[in-house]
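Got the model open in your viewer? Let's walk through it one selection at a time.

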Amino acid sequence: MASGGYQFLKPTSVDTTPSPRSRYRLASSIVFLTVSAFLLFKSGRYLLSNHHPPTSLEAHNNAESIGQCIANIAPAASPPAPVNPWTSLTITEIVQIQDWLFAPEQGLNLTLAAVLSYLSSPFTVNLPPRFARVAIHHGAAQEPIVKNYLVGPLPIGPHTSVSPLTDIYHVDPIPYNARPFDARDWSSPEIYSNVAAPLAEAFEELFDGQAAGLSNDTLVAGGCGPFSFDGSFRRMWIGWRRNVPGPFLHPLNFYQYVDISGTDSSQWKPLKIVYNHQVFDTTESFLEALRNGSLERAPLPVQQDMDFSWSTRKRIGAQRDLDYLPGPRSVSFAGLRFRIDREQQYVSWMGWGLYLGFDRGHGSQPVGHSIPKRKDHLRTGNDPFQSSTAWLDRYFGMGHAVRDMLPGYDCPYEAVYLPATTFGLTGILSRDRAICVFEHDSERPLTRHLGYDKDEFGAVKGETLTSIYAAMTIFDYIFHLDGTIEVRVSASGYLQAGYWDADQKHYGARIWETSMGSLHDHVINYKVDLDVAGTANTLLKTTTGQEVVTQPWYNDDWGNEVIQQTIHRQYITNEDDALLKFPDNFQGGYSIVNQEEKNKWGTVRGYAIHPGYSPIHGTVVGSKRLLKNANWARYNLAISRRKETEPSSSSVWNFNLPGAPPVDFHKFFDGENITQEDLVAWINSWDASPREPQSEDAPNTRTNTATSSFFLTPLNYFDHDVSIDSTNAILLQTPSHPGDPFSFEDYGVQPVQCVPKAPAPFEYAPVHIFDHRGEEAGFENVEAMRSESELYHRIKFEL
């Protein structure tokens with residue numbers, strides 16, 4: 001026995017007697033599924049060849065010795081189109097665009113149809129030109145505004161030009177007060193001198209803390225939004241917290257309403273203070289109450305409760321039995337079975353093919369059309385901070401928030417990682433492990449049956465390919481052998497905790513002496529451009545009911561009536577009727593079909609949209625902070641005609657313009673016919689709705705319960721279950737004599753025995769930062785790195 005409780009691997013005797021079963025390799029057929037436009041399927045028949053894999057598997061099954069497994073390196077893929085139209089801008093391209101925009105001669109103080117045409121005939125149709133979308137803050141203008149532009153074609157050259165981008169927005173220009181996140185909101189000297197510095201006395205007396213702009217400050221702040229309703233102002237509530245690990249769980253009962261409107265930071269000032277449910281219109285009136293004794297003080301935690309380590313992730317408690325042993329890990333003993341073209345970010349597996357795209361706003365998605373996403377969450381509570389929070393995470397950039405994966409934790413050790421580049425506060429950010437791709441054994445067969453007649457007993461292995469990227473939220477895109485795509489989202493991280501007192505009992509749950517988790521919603525909206533057997537598609541609604549029928553053969557012991565289920569199919573023809581919620585008890589559903597394309601049995605071919613875990617929609621309707629800017633959250637799903645002018649259900653500016661959003665989702669639905677048209681599905685997911693916090697959410701929420709998903713699955717798209725083509729299957733035959741073993745056919749695919757390569761030592765590399773010249777730079781210190789990551793969620797004032 002090795003030290004630490006491990007047993008050394010020893011060669012064992014292996015029976016080399018040939019099995020009596022047949023060992024021929026079937027020449028069978030599979031359907032080639034290409035996600036060139038995420039769900040643009042091209043069906044055709046391809047025979048499995050009889051040649052052996054590049055590395056012979058026989059070597060792994062040598063009875064004399066157990067060899068080393070072949071390296072887990074993904075074979076090279078052959079993308080159907082040589083260029084990925086969705087690949088993100090490179091660092092060089094970003095630098096070139098910046099230089100070109102700042103050139104004096106500019107005078108500045110891609111359609112989807114073209115992409116589909118290129119993908120369908122990549123060697124005869126020209127690649128559509130690439131453009132960059134650029135937002136410029138015209139802060140020095142007489143009336144400061146934000147405007148959007150298209151720059152292209154790329155790369156920068158003589159034909160490159162800039163033009164206003166207005167046709168995808170319902171508001172132009174964007175009010176300056178609705179601008180995206182801006183470090184000046186918390187780093188301007190006036191913020192410290194006007195907001196924090198005057199309260200030094202109160203911080204010391206009430207909280208035994210300080211926020212002096214120093215490295216040893218014991219208090220920090222956090223902001224909540226939206227910061228504006230219509231762009232006429234920019235104001236935010238900030239709540240104060242302990243500056244300890246997991247500060248989000250240590251709120252203090254102290255809040256300030258701060259005006260940060262306009263461009264002149266000397267005019268920025270606090271407008272209101274709320275402490276222990278007492279409201280003060282000025283800092284001076286609050287301090288006067290503090291000094292004259294009229295302030296009703298909230299009690300501090302008793303000394304034994306001042307240990308804040310409960311909010312760290314450091315392990316506590318006795319070690320569980322056998323927990324000193326590492327858990328199981330996934331190993332592809334015969335080598336990886338998916339192919340990757342890293343340059344084009346193209347992945348192929350078992351007939352699937354997908355291009356990956358990544359951008360600041362949405363993060364990673366299998367694309368062709370696009371599956372961008374945007375998230376909102378609305379909180380509740382008996383304090384100005386929690387009750388004023390209605391985050392739209394598109395504002396911060398869900399792609400910008402991506403973090404490197406943790407090998408062995410976020411993804412299996414053998415996963416293949418792909419990089420991503422985004423633009424942030426400090427410059428251009430590049431992460432080496434932004435996306436991971438791996439094959440996964442689902443631990444259950446995809447299909448199986450136990451039978452006795454010839455060829456009816458067997459199973460097909462349940463294998464999937466998964467593409468993941470993670471921020472505080474983990475996004476999974478899972479591809480199944482039967483043509484199903486599963487989209488799943490899970491969350492883990494710190495709550496935005498509220499201050500607990502007896503008045504909060506209707507708004508959440510107590511998780512510590514003075515901390516509570518607030519009741520809240522999470523909703524993520526996916527855009528799914530699902531082209532089923534072409535772009536001419538129709539929305540099919542299916543419902544079930546029941547009927548009472550009489551038949552002459554029912555005149556028996558049971559009477560002549562029977563109650564039975566019925567199915568009703570209806571085509572929805574107008575997009576105004578396509579703002580949808582799933583039926584009660586899920587007795588029915590919705591599908592995208594092509595009425596002009598039928599399978600062998602005369603049924604229209606389609607794809608169904610199936611709810612998975614926690615199918616949800618927003619529960620708070622009418623809130624002024626989400627008045628019009630997140631209308632998509634009101635439904636489980638919606639179907640509209642695809643338009644170039646409607647690329648997304650939201651925008652980065654919607655967060656601060658709930659009264660007049662640049663993208664108003666309801667305006668997409670204007671009475672147009674959706675019969676045999678190019679359609680888009682807008683599908684919501686994430687979290688049980690509403691999200692009721694609990695003490696087990698500390699220190700972090702858990703992905704096993706904070707998860708949601710949906711499925712896109714074939715509905716009469718094929719003539720039969722295409723997973724039957726898989727040779728990772730087994731077919732059993734009943735013996736002639738009971739008691740004899742069953743004979744079986746495994747199609748020549750047998751388990752491989754070899755010694756896996758040891759996982760690489762764990763390391764977590766920092767993000768690569770490049771300056772405006774494209775040269776690698778770095779953060780000044782850890783606090784700067786943290787500020788880039790946490791933005792308004794943790795504001796550390798500096799002198």
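**First stop: Y590**

Select Y590 and show everything in contact with it (heavy atoms within 4.5 Å): leaving out residues up to four places away in sequence, you should get L539, L540, K541, I572, L580, K581, F582, P583, A608, I609 and L637. Before going further, a word on what you're looking at: this is a predicted model, where local features need pLDDT of at least 70 and side-chain atom pairs count only at pLDDT 80 or more, while totals for chains, interfaces and linings use all residues. Residues are numbered from 1 along each chain as its sequence is written, and side-chain values use heavy atoms, with hydrogens and water left out.

Back to Y590, which sits in strand β32 (residues 588-598). Helices (H or I, at least four residues) and strands (E, at least two) are DSSP runs, numbered from the N terminus. Is Y590 buried or exposed? Its relative accessibility is 7%, so Y590 counts as buried; the cut-off for buried is under 20% relative accessible area, with exposed over 50% and partly exposed in between (1.4 Å probe, protein chains only).

Now draw two distances. The side chain of Y590 reaches the backbone oxygen of K581 at 3.5 Å. Then go C-alpha to C-alpha from Y590 to A608: 18 residues apart in sequence, 6.1 Å apart in space.

**Zoom out for a moment**

Show the whole protein chain as a cartoon, and you have 7 helices and 40 strands. Of its 799 residues, 49% are buried. Switch on the surface: about 38,000 Å² is exposed, and carbon and sulfur atoms supply 52% of it (Shrake-Rupley method with a 1.4 Å probe; for residues, only the protein chains shown count as cover).

**Second stop: T484**

Select T484, in the loop between β23 (473-480) and β24 (485-491). With 6% relative accessibility, T484 counts as buried. Which side chains does T484 make polar contacts with? One is D482, at 3.1 Å, and another is T713, at 2.7 Å. A polar contact here is a pair of N or O atoms within 3.5 Å; within protein, one must be able to donate a hydrogen and the other to accept it, and residues adjacent in sequence count only if both atoms are side-chain atoms. Beyond four places in sequence, the contacts of T484 are W352, I478, F479, F711, L712, T713 and P714.

**Third stop: a five-stranded sheet**

Colour β7, β8, β9, β10 and β11 in that order: they form an open sheet with antiparallel pairing. Two strands pair if DSSP finds at least two bridges between them. The edges are β7 (219-224) and β11, each with a single partner strand, so one side of each has no neighbour in the sheet. On average, neighbouring strands are turned by 25° against each other, direction ignored. (Axes are lines fitted to C-alpha atoms, for helices over the stretch in contact, and angles run from 0 to 180 degrees between N-to-C directions.)

Inside the sheet, β8 (residues 235-242) and β9 run antiparallel and are joined by 6 bridges. Pick W237 and you'll find Y257 of β9 standing opposite.

Next, add two helices. Helix α4 (residues 189-196) packs on the sheet, touching β8, β9 and β10 (269-275), and its direction makes about 120° with that of β9. Helix α6 (residues 283-292) lies across β9, β10 and β11, at about 35° to β10.

Finish here with Q278, in edge strand β11 (residues 278-280). Q278 is buried, at 14% relative accessible area. A polar atom of its side chain lies 2.7 Å from the backbone oxygen of E296.

**Last stop: the cores**

A nonpolar core is a set of buried Ala, Val, Leu, Ile, Met, Phe, Trp, Tyr and Cys residues joined through side-chain atoms within 4.5 Å. The largest one has 72 residues, and W240, F254, F286, Y792 and F797 have the most contacts inside it. Strand β9 (residues 251-259) gives the largest share of this core, 5 residues. Apart from it lies another core of 57 residues, including W352, A491, L539 and V722.

To end, click Y792: its contacts beyond four places in sequence include F181, W186, R234, M236 and W391.
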